[in-house]
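Student: I am new to this structure and would like a close look at one part of it. Could you pick a single residue, start there, and then lead me outward to the rest?

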Amino acid sequence: MPAKTPVNDTPVIEMRGITKRFLDNVANDQIDFTLRAGEICALLGENGAGKTTLMNILFGYYSFDEGSIAIRGEEVALASPKDAIANGIGMIHQHFTLVPTQTVLENIVIGTKDEKRFFLNLKGAHKKLLDIQEQFGLHVDPDARVWTLSIGQQQKVEILKALYRNSSVLIMDEPTAVLAPQETVDLFKTLRVLAEQGRSVIFISHKLHEVMEISDRVVVLRNGRVVNQKRTADTDVKELANMMVGREVLERIERKAVEPGEPVLEISDLTVLNDKGLEAVKKFSLTVRRGEILGIAGVSGNGQTELCEVLFGVRNVETGTVRIGGEPLRLGHPLSSVRSGLARIPEDRIYMGLLMDMTVEDNLQLENHWTERFAKNGLRRFDEIAANSQTLITDYSIKTDGKDAPAKSLSGGNLQKVILARELSSEPEVVLASQPTRGLDVGATEYIRQRMVEEKVRGAGVVLVSDDLDEVMGLSDRIIVMYEGEIMGEVVGSGADREQIGLWMTGVGS
Amino acid sequence: MQIDLLPRERSTATLNLLILLGSLLAGLLAISVVFALNGVNPALAIFSIFKGSFGSWYGIKETITKAIPLILIGSGLALAYKAKFWNIGAESQLLVGAIFSTWVGLNWGPHLPAIVLVPLMFLAAFIGGALWGMVPAVLKIRFGINEVISTLMLNYIAAEFVKFLVVGPWKGASKGGYPYTDDLPAAAILNQFPYSRISPVLLILAVTGALILGWLVYRSRFGYEIRVIGENTYAAKYSGINFFRTLVVLMAISGGMAGLAGAGELMSIHHYLSYPDSLSAGYGFTAIIVAWLARLNPAYTIVSGLFFAGIVVGGDAIQISMGMPAATVDIFNGMILVFLIMGDFFISHRVRIRLGRTVDA
């Protein structure tokens, strides 16, 4: 989209020389950042580049060691989010901060002056909310309970919450990471309306195409410094990627042709219910062979999650069987899935696969701790465990202060590497990766995609479930599209027609 | 003035220790207020408490005597709390342990030598406490019943059952109508160090028990599974840890340790089963604080158990010397626990206080 001319010359936000240290670690180093009214500015950088730290400073979460912040030309001290909100800054986190059992309106009113009275002034708030909805074209039923809303609608509630507090600047931390493609389109529409009405948006993202599509200006951070900033119209994806990682990025991972071997994962007639008791996967059959990557594309919520959960061993089935390496898999039993030679890379890493307050080593041990290699007669073999941790940290280039560092000190990409190291080091027969690069930076994404290809070359059957169509198309030898729990269509990866896949994803058959 | 609560970006061992000491100090300050309100010089009272417990040979011996049950129970509780299983029922697990070992002592005792009888009575006590501890674990896993409620309620059931036994079927023929069982046979009575009430067997049992449990938590496969369950229940299920087995075994150990404490009190101090209050003096509850002060490391309960035993002994001393009410020690313990738990908040958060203009959102 064309760059707009700024409405007003005084920047809404002007951060000067911001430096933030965590012990020895400089997270932000002399960062200058300005934002004008009506501008959508993308903040681009790898995990650990300092984007989130900078935004947490702007939102009053973190103090800073050096520098100053001015809002509309006036220097301010932002000691807490309260101050930031009072200054018209709103932040929308990746993980929403809504109360699921309350209504949209109640969620929006929480913490405002309207709520501090003994009796809520919900009538007045209702009207104010409808006015805002009208003004920005953001329609969500104020009386709906939040848990009944889709992720995209919940995000709208978060945006409404910020607008209700009269925010003129919206910080959005990877807002599209949780959205389906159509929801992303909606979000971008909303952001444009916001900008047209003079509000500013800071858009934190790893997805270069999105940055190109939505932003007016891009600020690229690397290792805590601003490496460059450009008007979006004056740059392109390749250049941005280079600035971000400081080296040439492989736009496309080499697919590497391997002659597929015998079937290694056989799913037949699987019917699975979701949490609401509805059929999420219907009479689903699929065969994956050694030496191939099977991509499962589809809009999220079409049964992919439930299918993965069955294979992971954490969801029961109505009917159907699964065989791994010819052996029937005992369903609904996580340990059987582990023992069957299935590498499990879950969609929700932190919730399912990691122990954030425990050490890197404890995390590398999870689900392998019982093996004879690591425990004999119930006693843990610490020599073996330590040696294994060291090897994995080196082999998978996990950036950490050591095997005894807490997992929570690692960046998102390194946490995913911990999971990969744990799952792949046992040379599994089948690799099931669900959204393996979601929320990760370019460097980590590339690494993980590379590993998927290596697993295939080694002879594993790889199943890649991803919302990122580019990823599925770039890596898969064969692609199936899931729609409402069924296979809508199947194509060979190299000759895949994007448009055809898009049609299948939206339920249009061939 | 404005107070901001913010997540702590990083924490260190030194900081954690400082917070622990700070919490203890704040607890003592709060207790000082209670003393002052009673017209007692707080500094003198606190000094007297520790002088009463650690200031004389008699005090030290009594402190060790009372530390033994606290260490036994506290280390078992620390184990359970590590898995975030909130066992508040150690008091009743202690009582059931005492019931089981009394039965063994009274029925088999007369025919067995001490070398066989004593281990058998400890074993029976462990089994009794373990069974009583496993009930809430099964209730929680199979029916989702909150373990805080069930363990707490089981305390009353066990206490009433002990009362029923000592006034009813087990009432001793030799006790002249008092609600006690008959004395245990001589073979069941533990030797004590001269001029003290400390039983060497119990002391060794408590210290090695706490060390073994500490080792279990940090060195064994079982301990790893306990910590994973406590850290992230969902990841524990996902990684195939058997919840039922782990939690049931965990509570068997936790309850069994309390059961051992019950047998110890019985065989070393009391020599017969009597009313629940006289048998336990609230050890099952005080041990909750012992476990907490040990930062849920069973091995550290050796130190924190001594500390709280000191407060119990010293509290008794000032009750007599200063005329403080009997509840003083309970208030003392309660205050310390509240401040310890509050201290945990500061491990994960930092607070910033700013003077001057208030910005209103």
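Tutor: Let's start at Gln182(A), which sits in helix H7 of chain A, a helix covering residues 181-196. Please keep in mind as we go that this is a predicted model. Is Gln182(A) buried or exposed? Gln182(A) counts as exposed, because 12 other C-beta atoms lie within 10 Å of its own, and a residue is called exposed when that count is 12 or fewer. Now look across to Gly152(A): 30 residues separate it from Gln182(A) in sequence, while the distance in space is 9.2 Å from C-alpha to C-alpha.

From here we can step back to the domains. The assignment for chain A lists domain 1 as 13-245, domain 2 as 260-341 + 428-510, and domain 3 as 351-427.

Further along the chain there is a good place to look at strands. Strand E3 (residues 40-44) of chain A runs parallel to strand E9 (residues 217-222) of chain A, and four bridges pair them. Within E3(A), find Ala42(A), which faces Val218(A) in E9(A). E9(A) also has strand E10 (residues 225-231) of chain A as a partner, this time antiparallel and joined by six bridges. Here Val220(A) is the residue opposite Asn228(A) in E10(A). E9(A) and E10(A) make a hairpin with two residues between them, and in the turn Asn223(A) has a positive phi of about 50 degrees. As you follow any of these strands, it helps to know that in a regular strand the side chains alternate between the two faces of the sheet.

Next, turn to domain 2 and domain 3 of chain A. Their centres, taken over C-alpha atoms, are 25 Å apart. Where they touch, 11 residues of domain 2 of chain A are in contact with nine residues of domain 3 of chain A. On the domain 2 side, helix H16 (residues 442-458) of chain A provides the largest share, five residues. By class, that side of domain 2 has six nonpolar, two polar and three charged residues.

What about the interior? The largest nonpolar core has 177 residues, and among those with the most contacts inside it are Val430(A), Leu464(A) and, from the other chain, Ile73(B) and Met121(B). Domain 2 and domain 3 of chain A each give this core at least three residues. Take Leu464(A) as an example: beyond its neighbours within four places in sequence, its contacts include Ile293(A), Ala433(A), Met452(A) and Leu475(A). A second, separate core has 65 residues, including Cys41(A), Leu58(A), Phe59(A) and Val157(A).

The two chains also meet. There, 24 residues of chain B are in contact with 30 residues of chain A. On chain B's side, strand E1 (2-7), helix H8 (221-231), helix H9 (233-238) and strand E2 (349-354) each supply at least two residues. Of these, H8(B) gives the most, with six residues. That side of chain B holds nine nonpolar, four polar and 11 charged residues.

Finally, here is chain A as a whole. Chain A has 18 helices and 22 strands. Its radius of gyration is 24 Å, close to the 24 Å that the globule rule gives for 510 residues, so chain A is as compact as a globular protein of that length. Its C-alpha atoms fill a box of roughly 70 × 50 × 50 Å along the principal axes. Of its 510 residues, 46% count as buried, unlike Gln182(A), the exposed residue where we began.

Terms used: Residues numbered from 1 in each chain as written. Chains lettered and ligands numbered in written order. Predicted model: local features only at pLDDT ≥ 70, side-chain atom pairs only at ≥ 80, totals over all residues. Pairing = 2+ DSSP bridges. Contact = placed C-beta atoms within 7 Å. Nonpolar A, V, L, I, M, F, W, Y, C, P; charged D, E, K, R; others polar. Domains from an automatic or database assignment. Rg over C-alpha atoms; globule rule 2.2 N^0.38 Å. Buried ≥ 20, exposed ≤ 12 C-beta atoms within 10 Å, placed from the backbone. Core = buried A, V, L, I, M, F, W, Y, C linked by C-beta atoms within 7 Å.
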